Each structure stands twice: as C-alpha cells, then as structure tokens.
Amino acid sequence: MPAIGGSPPPPAAFCRAEGRPNEGRRHALPCRRGLPRERRPGGPLGGCRLADRRPSGPWTHLHRYGLFGGTTVGFGGLEPYGTDVLLRSLCVMPIFHRRGIGRNITLLLMTRALDLGARQAYALPSTQESSAFFQSLGFAPIPRPAAPPAILATRQASGLCPASTPLLTRRIAL
C-alpha cells in the first residue's frame, strides 16, 4: 500500500473488500462495506458520537473494519466528489481506543479516496478530541468559504454539523 503524505503505511492494513493483503504485516484490519444492521441506531454505530449515525446516499462509502476473527473495531466512510473527498462517520469501538486503529482507518480511507481519484481530503470533526485527532494526522483547519462547493453542499457541512464545527483538510499524496 502506498504511503500517504509521506507517512509509513499503516501497520494494520488488510482489506477483504479489495482483496489486497499487505504482506509482511503481523496485524490485520480487514474492511467490508457497511452492513445495514450496523447502520441502525441500536447497532454498533449507535454508540458513536456521530452527526449522522445512518450515513447513506449515492456517494457514501461506509466500511466496517475488524479483526481477522470478525470482531468489529470500527467504521469509516467517505464521500468522493471528483478530486475532493469528505471523510466521515469515523468511529472506533471504545474498547479499541488508543491503539492506532483510528489512524489506520483514516489512512485506509484516504488510500481508497486516492484510488477513486481524490487528491484533497476534508473532515468535519464533531468534538474537540476528534479535531485534535485529525490535526495529529496532518489535517489543518480552513475557513468554510475556502472549501469546494461540493464539500459545502454535503449534509454534514450544510446542516448536520453546526457552523462552529471546524472544517479540516489535508492533501492526499503518495
């Protein structure tokens, strides 16, 4: 897997959905397209503090990430808009916090976005903690008017997230 933004490839990178194992890695983080039961309010995403617990729409790609044994460790989604992508619905199960899984999911999502033709990633973090998390990965805040119209027109930017929610961006590069 290519490095993103000069970062080394994530240590947990195996994606069953695309069938591209990352050879030489000890740990694995398989991913699959999100399942309908996982989108229900009572499902695993119900415990996450997300602006929209039921990401849907023609452009939304929601993926479930788990261990080889099938244990779900988190979810992540993206909405591609040409050369721009909105990362969204990033959630790591509380029992797996502080293990680098959120970082790995974010880098895997950005790799998927790159494969779809995106070159700039955006995020609207819902908490100060998630804002700090994205900034630790190289995302930087920008004024909302500086964002592309397609990103500003998303449900997150136009209504689900308050105007006080920071908009962060990062270039996606090999």
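**A walk through the predicted model**

This is a predicted model, and the protein chain averages a pLDDT of 75, with 66% of the residues scoring at least 70. The weak parts are easy to place. Over residues 1–42 the pLDDT stays under 50, although the model has 112 contacts beyond four places in sequence for them. Residues 50–56 are also below 50, and that stretch has 23 contacts in the model beyond near neighbours in sequence. Where pLDDT is low, the predicted coordinates should not be read in detail.

Now for the overall layout. The protein chain has 5 helices and 9 strands, and from the N terminus on they come in the order β-β-β-α-β-β-β-α-β-α-β-α-α-β. Of its 174 residues, 49% count as buried. About 8700 Å² of the protein chain is exposed, and carbon and sulfur atoms supply 56% of that area. Take the contacts between residues at least 6 apart in sequence: 61% of them join residues at least 24 apart.

A good place to zoom in is the run of strands S4, S5 and S6. Strand S4 covers residues 61–66 and pairs with S5 in the antiparallel sense, over 6 bridges. One bridge to look up on screen is that of His63, whose partner in S5 is Gly76. The two strands form a hairpin with 5 residues between them, and in the turn Gly70 has a positive phi of about 105 degrees.

S5 then pairs with S6, again in the antiparallel sense, this time over 7 bridges. Here Gly77 has Arg88 of S6 as its bridge partner. The hairpin of S5 and S6 has 2 residues between the strands, and Gly82 takes a positive phi near 65 degrees in it. So what about burial in S5 itself, the strand that pairs with both S4 and S6? In S5, residues 72–81, 9 of the 10 residues are buried, so the strand is largely enclosed by the rest of the structure.

Next stop: helix H3, residues 128–136. Its buried residues are Ser130, Ser131 and Phe134. Looking down the axis of H3, you find these buried residues within an arc of 105 degrees, so they line one face of the helix. Gln128 and Ser136, on the other side of H3, are exposed. And what do the buried residues of H3 pack against? Their partners are strand S6 (84–92), helix H2 (101–115), strand S7 (120–123) and strand S9 (167–171). That brings S6 back into the story, as the strand that also pairs with S5. After H3 comes Gly138, with a positive phi near 100 degrees.

Finally, the aromatic rings. A pair of aromatic rings is described by the distance of the centres and the angle of the planes. The structure holds 2 aromatic pairs. In one, the rings of Phe133 and Phe134 have their centres 5.3 Å apart and their planes at 70 degrees, which is over the 60-degree cut-off, so the pair is edge-to-face. The rings of Phe134 and Phe139 have their centres 5.2 Å apart and their planes at 75 degrees, so this pair is edge-to-face too. Together, the ring pairs link Phe133, Phe134 and Phe139 into a cluster.

How exposed or buried are these three? Phe133 is partly exposed, with a relative accessible area of 25%. Phe134, one of the buried residues of H3, comes in at 7% relative accessibility, and Phe139 is buried with a relative accessible area of 4%.

Terms used: Residues numbered from 1 in each chain as written. Predicted model: local features only at pLDDT ≥ 70, side-chain atom pairs only at ≥ 80, totals over all residues. Heavy atoms only, no water. Helix = DSSP H or I, 4+ residues; strand = E, 2+ residues; numbered from the N terminus. Buried < 20%, exposed > 50% of the residue type's maximum accessible area, 1.4 Å probe, protein only. Contact = heavy atoms within 4.5 Å. Areas by Shrake-Rupley, 256 points an atom, 1.4 Å probe, with all protein chains shown as cover. Arc of directions from axis to C-beta. pLDDT = per-residue confidence, 0-100. Pairing = 2+ DSSP bridges. Phe/Tyr/Trp six-rings, centres within 6.5 Å; stacked < 30°, edge-to-face > 60°.
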